[in-house]
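Hello,

Here is the structure you are taking over. Please open it first, and then read the notes under it.

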Amino acid sequence: MKHSYIWCLMILLFVPWLLGGISVKASVNKYTITSAERLEYTIEVSSESSFSMSEPSPPSIPNFSFVNMRSSSSSSTSIVGFKRTQRISRSFVYYFMPKSEGKSKIPAQKIEIANKVYSTPEFEITVVKAVGGWQSQPSPAIDPFAAFNDPNLPWSANRIQGKTVLVARLPQHTVYRGQPLIVSYYLITDQMVRSFKLEDERDFPGYGKSIYEQPNSLEYEVVNYEGKRFQSALIKKMVLLPNEVGKLQVPRLQGTARIYEFGYLSQTLSSQEEYFEVLPLPVSNVPEGFGGAVGSFELSESINAKQINLGEAITLSLRIAGKGNFNQFANPSLESAAAQISNPLAVDRINAGIEGSRILQYTIVPSNKGVFRMPGLKFSWFDPASRSYHSYQSPQTEITVNSANVISYFSGLLEGSSPKTLRPMLSRPSYPQYRSYLHRTWYWLIVALLGLAIVISVWQAIDKKRRRSDPALYLRNKAARNLKRWLRESNEAAKRGSRDFYALAERSLARFLFEKYSIPIGLSTADKLQKLSEAGINPDLLQRCAAFFERCAKARFSPDEIQAIQISEDMLTLNQLVMSFVADPGKGEEK
Amino acid sequence: MKRGILLIIGLLLIGGLGANALQQMLELEENGVRNADLYYNIGVGYWQTGQSGMANLYFLRSLNLNSAHKPAKENLDYVIALSQDKDLYPQRPFLLRIFYASYDFMNLNRMAVLSLILFALTGLCLHWLLHYDPLKERGLPTLVFVIVLLLFLSSVGFLGSKAYRQQHNNRAVLISARVDLRAGASMGAARIAVLHEAAILRVEKREKLWCLVHSPDGKRGWLKNEDVAWVINPAR
């Protein structure tokens, strides 16, 4: 609670400082007036120091019409107890006339002084019927500007002297259809016209229009008008683009001038009637492809590259500069069967649509490699000065189109992300369904093959490494591995009770001896036994081996039938023999 | 009678020939055709009808299938350059642009082929290393193998990333003219930013009526689902 009191006190103390000593008051002469009386709304601004402000605009009061206003300023200085106090005040009085009986509200006004906005209170005004027979004042409600004759106002109508007119001026009164015509509207006066408010612009058929120039303030210059010295200020310049032939009337402007004459008064002004003649364009010697351009133009063109890779785009720029109906002619088209060409992108630097330059950018993507001949661009226009048609034909240009490469994909990297046109649609006879390689069988088949090749390579490398590090062990292991296979063949033959068992057994044993003791397979049995003996094999084992070889030889060439049980027994003998050889390292292996 | 029937058939044929090309392409898409050129052409068609949001969406769909689709990339850049939100997009440094251009150039299929080639090269280098003469210094084959292996692993990483992003692309495009990005999933939530048609968004989360998105300049907020079109339609 205590804090809130402190805050209130602070605010009260600082408000005058914040406002800089400026006070804004508003008042009315009466809250209830008759329909024959005049309402005076006063805004008074006062300060202890000098200030500057613009004149507040009159409030918009429903059911009241604004008649006029006056402003005044005063300053006073007083000295009290050796203290000098100055007071400067300005007052603005606005006069309104009621339109009918009833209640109306004067809205709060926002007044800006030294970048601060001050607000005035609202007022409610009641208009009652005038007492019969009592007419102390004239009734200007019918015509607000009849207040000129109000004797109660602080100025007198008979004191207003001078002339203020609004005139339209044309540089020429005859133009061709499509030729731009600039109409200038001037305020010509010998009074103190402080401002001019443009309120209406009446158009007439037969032309299009655009604003060429419209100043924000009245810039006066001295002119001679009707043989007298006047001041002239440009109100507006507009461009007319006639689209009909014949006699056409220029637009008529209407507005209110605020004239200072011991106070302000308003005067409604309208421009006078003005006409111009529009001629048709000549029908003879019209060039082919004429798109309706009328004016004076200069054309030039440029190409950004003369050598590209297939798939890249080239930009052809056509610059049309000068004065004419830029917004009324069609852009020249560029067509070629050997390239995709976009619609031109127009970059305009044109004032009021009639003077400046237009750059048309065509994006061209050649379809094939080789030499691409740029199609010719033709632009025609009618020049009103020479009263004849002119044409521009672009020179023949050849573009070299090389094969596409990977680098061409990156060609636009340095250009940044500012493409000039949208690339056109691609011509495709059909649209095949997209499937990435990752969803195709052949891709994973190749991956599998490559994986298999790598596995084989690794296995071979490991095998090679084992053989290199311990050749004897390697051979022994290899023989043992192979023996199982060979014995498997012999075993199967034995199970079948086939005589082939003996041939397979003899061959298996010979291979085993070759792989383990490097005894050539082609040697005779006697030589093999001799080699085994040299290898330091146990004599008992040697004898058993010789017996088995002999048994095999006999069985193979014996004409008698061999019993299956006999083959099984021999199979057992072979197994025992091989196991004995595996267990006997021999002399060579011991090394 | 015969003449009348012939006239009707003739009119139908002429009407069929003059049917909207965009409509035909959209029908192809409806029938399940996925093709980068088709998406690109649909995008151009939408642009010609003044729908910049849908145009951007289809350029993105084209690039999703083929990141090396240069016309789609250029048109996407063009539409972005004309959009009201063009200043929201980050300007990448030159080297980063080169990296992204290279990354985009290697579309999924090119990356798959590159990975295959690098796989074969890795196998060859491994074979060379394993079967190299043990009496010689193995520095060179080891170095070559390590380099090729790293390249192969990188390409496989990029390939996996590209394949995943193609299937789970989280980008979307704003298709309404002007939308407020809100702090919460309700119309009463505070406004974070104003986005315009064709803005490209990154979707973080999708709910029944709203989705949480990131604007091109990284602002995070909620948009109504009806204002957004997804590059990969979640309904499909």
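The notes below go through the contact between the chains, then the salt bridges, the aromatic rings and one residue of chain B. Please keep in mind that this is a predicted model.

**Between chain A and chain B**

Start with the place where the two chains touch. Chain A puts 41 residues into the contact, and chain B puts in 52 residues. Together the chains bury an area of about 4000 Å². Carbon and sulfur atoms give 67% of that area.

There are also polar and charged links across this contact. Between chain A and chain B, 17 residue pairs are in polar contact, counting pairs with both residues at pLDDT 80 or more. On the side of chain A that touches chain B, the elements that give two or more residues are α2 (406-409) and α3 (441-469) of chain A. The largest share comes from α3(A), with 12 residues. The number of salt bridges between chain A and chain B is two. One of them joins the side chains of A:R428 and B:D37, with 2.5 Å from N to O.

**Salt bridges**

How many salt bridges are there over all chains? The count is 18. Three examples within single chains follow.

In chain A, the side chains of A:E201 and A:K209 form a salt bridge, at 2.3 Å from N to O. Both ends are partly exposed: A:E201 has a relative accessible area of 23%, and A:K209 has one of 35%. This pair does not stand alone, as A:E201, A:D203, A:K209 and A:K236 are linked in a network of salt bridges.

The second example is also in chain A, where the side chains of A:R551 and A:D570 meet in a salt bridge at 3.0 Å, N to O. A:R551 lies in helix α7 (residues 539-557) of chain A and A:D570 in helix α8 (residues 564-583) of chain A, so to speak of the pair is to speak of a link between distant parts of the chain, 19 residues apart. The two ends are not alike in burial: A:R551 is partly exposed, at 26% relative accessibility, whereas A:D570 is buried, with a relative accessible area of 6%.

The third example is in chain B. B:K73 forms a salt bridge with B:D77, and the closest N and O atoms are 3.1 Å apart. Both residues lie in helix α5 (residues 70-82) of chain B. They are four residues apart, which is about one turn of the helix. Is B:D77 buried or exposed? B:D77 counts as buried because its relative accessible area is 18%, and the cut-off for buried is under 20%. B:K73, at 30%, is partly exposed.

**Aromatic rings**

Over all chains, the count comes to 28 aromatic pairs. One of them is formed by A:Y41 and A:Y94. The ring centres of A:Y41 and A:Y94 are 6.4 Å apart, and there are 40 degrees between the planes, which makes the pair tilted. A:Y41 lies in strand β3 (residues 39-47) of chain A, and A:Y94 lies in strand β5 (residues 83-98) of chain A, so the pair ties together parts that are 53 residues apart in sequence. A:Y41 is buried, at 0% relative accessibility. A:Y94 is buried as well, with a relative accessible area of 0%.

Elsewhere in chain A, one aromatic cluster is formed by A:F297, A:F326, A:F329, A:F379 and A:W381.

In chain B, two rings have a charged residue over them. The charged end of B:R92 sits over the ring of B:Y100, 4.0 Å from the ring centre. B:K162 lies over the face of B:Y103, also at 4.0 Å from the ring centre.

**One residue of chain B: B:L201**

B:L201 is in strand β4 (residues 200-206) of chain B. B:L201 is buried, with a relative accessible area of 1%. Which residues does B:L201 contact, leaving aside its neighbours within four places in sequence? Among them are B:N170, B:R171, B:A172 and B:L174, and also B:L195. Others that come later in the sequence include B:V213, B:H214, B:S215 and B:P216, as well as B:L223 and B:V228. As for B:R220, the C-alpha atoms of B:L201 and B:R220 are 9.8 Å apart in space, and the two residues are 19 residues apart in sequence.

Those are the notes on this structure.

Regards

Definitions and conventions. Residues are numbered from 1 along each chain as its sequence is written. Chains are lettered from A and ligands numbered from 1 in the order in which they are written. This is a predicted model: local features need pLDDT of at least 70, side-chain atom pairs count only at pLDDT 80 or more; totals for chains, interfaces and linings use all residues. Side-chain values use heavy atoms; hydrogens and water are left out. Rings of Phe, Tyr and Trp (its six-membered ring) pair if their centres lie within 6.5 Å; planes under 30 degrees apart count as stacked, over 60 as edge-to-face and the rest as tilted. Buried means under 20% relative accessible area, exposed over 50%, partly exposed in between (1.4 Å probe, protein chains only). A charge sits over a ring if NZ of Lys or CZ of Arg is within 6 Å of the ring centre and within 35 degrees of the ring normal. Contact means heavy atoms within 4.5 Å. Buried area is the accessible area (1.4 Å probe) that two parts lose on being put together, summed over both. A salt bridge is a side-chain nitrogen of Lys or Arg within 4 Å of a carboxyl oxygen of Asp or Glu. A polar contact is a pair of N or O atoms within 3.5 Å; within protein, one must be able to donate a hydrogen and the other to accept it, and residues adjacent in sequence count only if both atoms are side-chain atoms.
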